[in-house]
Amino acid sequence: MKRRTYLLTRSGSLRRLNLIEEDAPPPGDREVAIDVKAIGLNFADIFSILGLYRAAPRRNCVPGIEFSGIVTARGKDVTGLRVNDRVMGSIRFGAYTTHIVIDHRYVIRLPDDWSLEEGASFIVHSLTAYYALVSLGNIQKGQTVLIHSGAGGVGLYAN
């Protein structure tokens, strides 16, 4: 199967994003193949493209850290997901593509009443807010938290 992917050959500018066509690999034993229908656009994506995000590769990076879509194939060891399931997921980088092959543990079924766009904009913001408040902040019942930038995605979930 062919896929179209936005490849950032060198960070620093949106002009360096190149749309390429390549073969999509088949899923491995613990992987699913997903027809990507929507992607999230996060600060990390923009910062990666501009070369301001240290975790991003400086060359030959496919931006994008969250997505939603339809499962098109699955590996023999995948349970809990089926072909044609609507899913959402997170990937370190690589969501700016038409087809993703990813370990099934990074994908969950989309709730029935959610759109694909809602799924593609949920995981990174909600996990970031949870990680900040619970894992890092150790928030406890009765404590007060000041949430800066409460109108952004992470701030909304933190509220």
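## Close-up views of the predicted model

**View 1. Pairing of strand β5 with strand β6.** In this view Glu66 stands opposite Ser90 in β6. The structure is a predicted model, as it is in every view below. The pairing of β5 with strand β6, which covers residues 86-90, is antiparallel and runs over five bridges.

**View 2. Pairing of β3 with β5.** Strand β5 also pairs with β3, in the antiparallel sense and over seven bridges. Val36 can serve as a landmark here, since this residue stands opposite Gly69 in β5.

**View 3. The largest nonpolar core.** This core has 13 residues, and those touching the most other members are Val32, Ile34, Phe67, Ile100, Ile102 and Val107. Three strands, β3 (31-39), β5 (66-74) and β7 (99-103), each contribute at least two residues to the core, and the largest share, three residues, comes from β3. As a general point, nonpolar side chains tend to be buried together in soluble globular proteins. For a closer look at one core member, Val32 is in contact with Pro27, Val71, Ala73, Arg74, Val78, Leu81, Ile100, Val101, Ile102, His104 and Val107, when neighbours within four places in sequence are left aside.

**View 4. The open sheet of three strands.** The strands of this sheet follow the order β2-β1-β4, and their pairing is antiparallel. The edges are formed by β2 (17-23) and β4 (59-61), each of which pairs on one side only. On average, and with direction ignored, neighbouring strands of the sheet are turned by 35° against each other. Strand β1, residues 2-10, pairs with β4 over two bridges in the antiparallel sense, and Arg10 has Arg59 as its bridge partner in β4.

**View 5. The salt bridge between Arg3 and Glu22.** A search of the whole structure finds seven salt bridges, and one of them joins Arg3 to Glu22, with the closest N and O atoms 3.0 Å apart. Because Arg3 lies in strand β1 and Glu22 in strand β2, the pair ties together parts of the chain that are 19 residues apart in sequence. Arg3 has a relative accessible area of 16% and is therefore buried, the limit for that class being under 20%. Glu22, at 25% relative accessibility, counts as partly exposed.

**View 6. Helix α1 and its buried side.** Helix α1 spans residues 43-50, and its buried residues are Ala44, Asp45, Ser48 and Ile49. These residues cover an arc of only 135° around the axis, so they lie on the same side of α1. The elements that cover the buried residues of α1 include β1 and β2. Just after α1, the backbone reaches Gly51, which takes a positive phi of about 85°.

**View 7. Helix α3 and its surroundings.** The buried residues in α3 are Ile123, Val124, His125, Ser126, Ala129 and Leu133. They pack against β5, β6, α2 (116-120) and α4, so that the two strands of the first view appear here again. Asn138 follows α3 and has a positive phi, near 50°.

**View 8. Gly150 in the loop between α3 and α4.** Gly150 is found in the loop that runs between α3 (123-136) and α4 (153-158). With a relative accessibility of 23%, Gly150 counts as partly exposed. Not counting residues up to four places away in sequence, Gly150 touches Gly155, Leu156 and Asn159. Gly119 is 31 residues from Gly150 along the chain, and the C-alpha atoms of the two glycines are separated by 21 Å.

**View 9. Salt bridges of Asp35 and of Asp77.** Asp35 forms a salt bridge with Lys37, in which the closest N and O atoms are 3.1 Å apart; Lys37 is partly exposed, with a relative accessible area of 47%. The side chains of Asp77 and Lys76 likewise meet in a salt bridge, at 3.6 Å from N to O. Asp77 counts as partly exposed at 36% relative accessibility, whereas Lys76 is exposed, with a relative accessible area of 66%. Both Lys76 and Asp77 belong, together with Asp29, to a network of residues linked by salt bridges.

How values were computed:
Residues are numbered from 1 along each chain as its sequence is written. This is a predicted model: local features need pLDDT of at least 70, side-chain atom pairs count only at pLDDT 80 or more; totals for chains, interfaces and linings use all residues. Side-chain values use heavy atoms; hydrogens and water are left out. Helices (H or I, at least four residues) and strands (E, at least two) are DSSP runs, numbered from the N terminus. Buried means under 20% relative accessible area, exposed over 50%, partly exposed in between (1.4 Å probe, protein chains only). Contact means heavy atoms within 4.5 Å. A nonpolar core is a set of buried Ala, Val, Leu, Ile, Met, Phe, Trp, Tyr and Cys residues joined through side-chain atoms within 4.5 Å. Two strands pair if DSSP finds at least two bridges between them. Axes are lines fitted to C-alpha atoms, for helices over the stretch in contact, and angles run from 0 to 180 degrees between N-to-C directions. The arc is that of the directions from the helix axis to the C-beta atoms. A salt bridge is a side-chain nitrogen of Lys or Arg within 4 Å of a carboxyl oxygen of Asp or Glu.
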